[in-house]
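Subject: Structure handover

Hello,

Here is the structure I promised to pass on. My notes on it follow below.

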Amino acid sequence: MLTSDFGKMDLSAIRLLGLWVAAVMVLALNIGQAWHYAKRYPFHLCFLFLAALSLFCTPSLAYGTRMFAKLSAPVLFILLTMVVVSDKRQFATMERLFLIGGIGATVAAVLFYVAGVTRDEVGLTLPATSPALFSAYLTVIAMVVFARLNTSAGNRATNLLLLLCLMAGIIAAFTRITIGALFIGISAMMLCASRGLFRFVLPVGGLFGLVALFVVSDTFRNRMFMDGGSITLMSLVEDPLAAFSRVHGSGRYEALGTVLDKFFSPSPFIGSGIGATQNYFYSQMGGGIGVIHSEFVRLAAEVGIAGLILFALAIVGYLLRLIRVYRQSPGSPAGRYALAGISSLIVYLTFMATDNAFDYFN
């Protein structure tokens with residue numbers, strides 16, 4: 001952990017800074033081409049412009065600057081990829097690296113657990129990495145593999161084995177939101193790629209499978225619900241509202257209310273400035289929580305309704321572009337990447353609901 005003018009920086013923060021600086025340097029050398037691509041995403045650029053303006057009203061320039069780096073890094077990485085990756089062979093190499101990274105991380109996590117290095121963690125993960133971050137990474141890689149299955153890319157048996165290994169790693173990480181995001185992402189891809197009855201039967205079956213996982217398994221039930229022993233499949237069917245009212249929030253609900261009251265209510269349209277919530281948790285509130293566990297609430301608090309609208313328009317723009325690319329050439333590599341992108345973006349939005357997707361960019 002390093003101490004700097006921008007607060008404490010661990011390995012994850014240093015890695016994000018390195019990616020950010022590298023992307024800026026390469027894009028600066030190809031500014032014309034970068035701007036040509038950037039113009040395709042006007043709502044995302046407007047969102048970042050609003051975020052930059054909110055630095056003038058943030059209570060902490062250090063945390064505001066850090067937050068701006070997190071918000072802008074995905075856009076910079078998109079533009080970096082579009083500028084430097086120019087032929088199909090390079091895309092194929094990137095895809096292989098995705099798969100090697102996901103399987104390598106899963107195997108390494110198992111080895112670290114067997115060796116006793118991470119046995120004290122709540123779920124399967126890598127050293128110095130939270131199970132939420134580890135499983136979120138694997139979930140995105142799983143979407144890439146599932147897209148390969150749906151478009152008949154590569155050996156079907158190999159892809160199926162890779163998918164099963166990644167799904168096992170995600171479930172073993174024992175993080176509720178990423179397990180839910182996995183099922184939602186697979187369901188979204190089935191709706192896009194399947195035809196006939198399977199288009200609806202498989203997603204519905206996946207939904208019931210997700211519910212069953214958290215109700216039938218004692219371990220997952222106790223993780224999901226307060227007094228989990230009293231929750232059964234029958235009680236869930238008879239009175240679902242009572243069951244959901246006992247979902248374990250791990251302190252999130254109280255923190256969400258505090259953030260909305262303190263930062264959203266005083267300035268609902270433009271928020272209280274990026275970095276405001278993290279500055280509050282680190283410098284004033286104290287305790288175990290360091291960041292609000294919902295990026296939608298964080299956006300509402302820091303950039304207000306205006307920022308939320310621009311962010312939503314940016315997401316819709318990406319989804320429409322990806323859907324259009326997939327429909328134009330579903331069997332091509334471009335169609336496969338678009339299909340993986342659609343489901344991965346939905347996974348990301350699901351993860352944003354109750355965890356720190358902006359913090360986990362890298």
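**Cavity and pocket**

The largest cavity holds about 40 Å³ of space. Its lining is made by L19, W20, A23, A73, L76, F77 and F361. Two elements, α1 and α4, each give two or more residues to that lining. By class, the lining of the largest cavity has seven nonpolar residues, no polar and no charged. Over the whole structure, the search finds one cavity of 30 Å³ or more.

Before going on, the ground rules. This is a predicted model, in which local features need pLDDT of at least 70 and side-chain atom pairs count only at pLDDT 80 or more, while totals for chains, interfaces and linings use all residues. Numbering starts from 1 along each chain as its sequence is written, and side-chain values use heavy atoms, with hydrogens and water left out.

The terms used so far are these. On a 1 Å grid over the protein atoms alone, a cavity is a set of points where a 1.4 Å probe fits but cannot get out. A pocket is an open set with protein on both sides within 12 Å along at least five of seven lines. Lining residues have an atom within 4 Å of a point. Points are joined across faces, edges and corners, and a volume is the space filled by probe spheres set on them. Helices are DSSP runs (H or I, at least four residues), numbered from the N terminus. Nonpolar means Ala, Val, Leu, Ile, Met, Phe, Trp, Tyr, Cys and Pro; charged means Asp, Glu, Lys and Arg; the others, Gly among them, are polar.

Now the second largest pocket. Its volume is about 260 Å³. The lining of this pocket has 14 residues, and L27, I31, A38, L76 and L79 lie nearest its centre. At least two lining residues come from each of α1 (11–29), α2 (31–38), α3 (42–53) and α4 (61–84). Helix α4 gives the most, with five residues. The split for this pocket is 13 nonpolar, one polar and no charged. L76 appears in the lining of the cavity and among the residues nearest the pocket centre.

**Salt bridges**

There are five salt bridges (a side-chain nitrogen of Lys or Arg within 4 Å of a carboxyl oxygen of Asp or Glu). In one of them K70 pairs with D359, with the closest N and O atoms 2.9 Å apart. K70 sits in helix α4 and D359 in the segment after α16 (333–354), so this pair ties together parts 289 residues apart in sequence. K70 is buried at 9% relative accessible area, and D359 is buried at 16%. Here buried means under 20% relative accessible area, exposed over 50%, and partly exposed in between (1.4 Å probe, protein chains only).

E95 takes part in two bridges. E95 meets R148 at 2.9 Å, N to O. E95 lies in helix α5 (residues 88–114) and R148 in helix α6 (residues 131–150), so that pair ties together parts 53 residues apart in sequence. E95 also meets R336, again at 2.9 Å, N to O. This second pair links distant parts of the chain, with R336 in helix α16 and E95 in helix α5, 241 residues apart. R336 is buried at 11% relative accessibility. E95 is buried at 8%. Elsewhere, salt bridges with shared partners join K70, E295, R298 and D359 into one network.

**Surface patch**

F43, F269, I270, I305, I309 and L313 make a nonpolar surface patch of about 540 Å². Patch residues have over 30% relative accessible area and no salt bridge; nonpolar side chains (Val, Leu, Ile, Met, Phe, Trp, Tyr) are joined within 5 Å, like charges within 9 Å. Areas come from the Shrake-Rupley method with a 1.4 Å probe, and for residues only the protein chains shown count as cover. Helix α15 (residues 295–328) gives the most to the patch, with three residues. F43 lies in helix α3. F43 is partly exposed, at 39% relative accessibility.

**Backbone points**

Two residues that are not glycine have a positive phi: A128 at about 60° and F174 at about 65°. A128 lies in the loop between α5 and α6 and is exposed, at 88% relative accessible area. F174 is in the loop between α7 (156–173) and α8 (176–193) and is buried, at 13%.

Best regards
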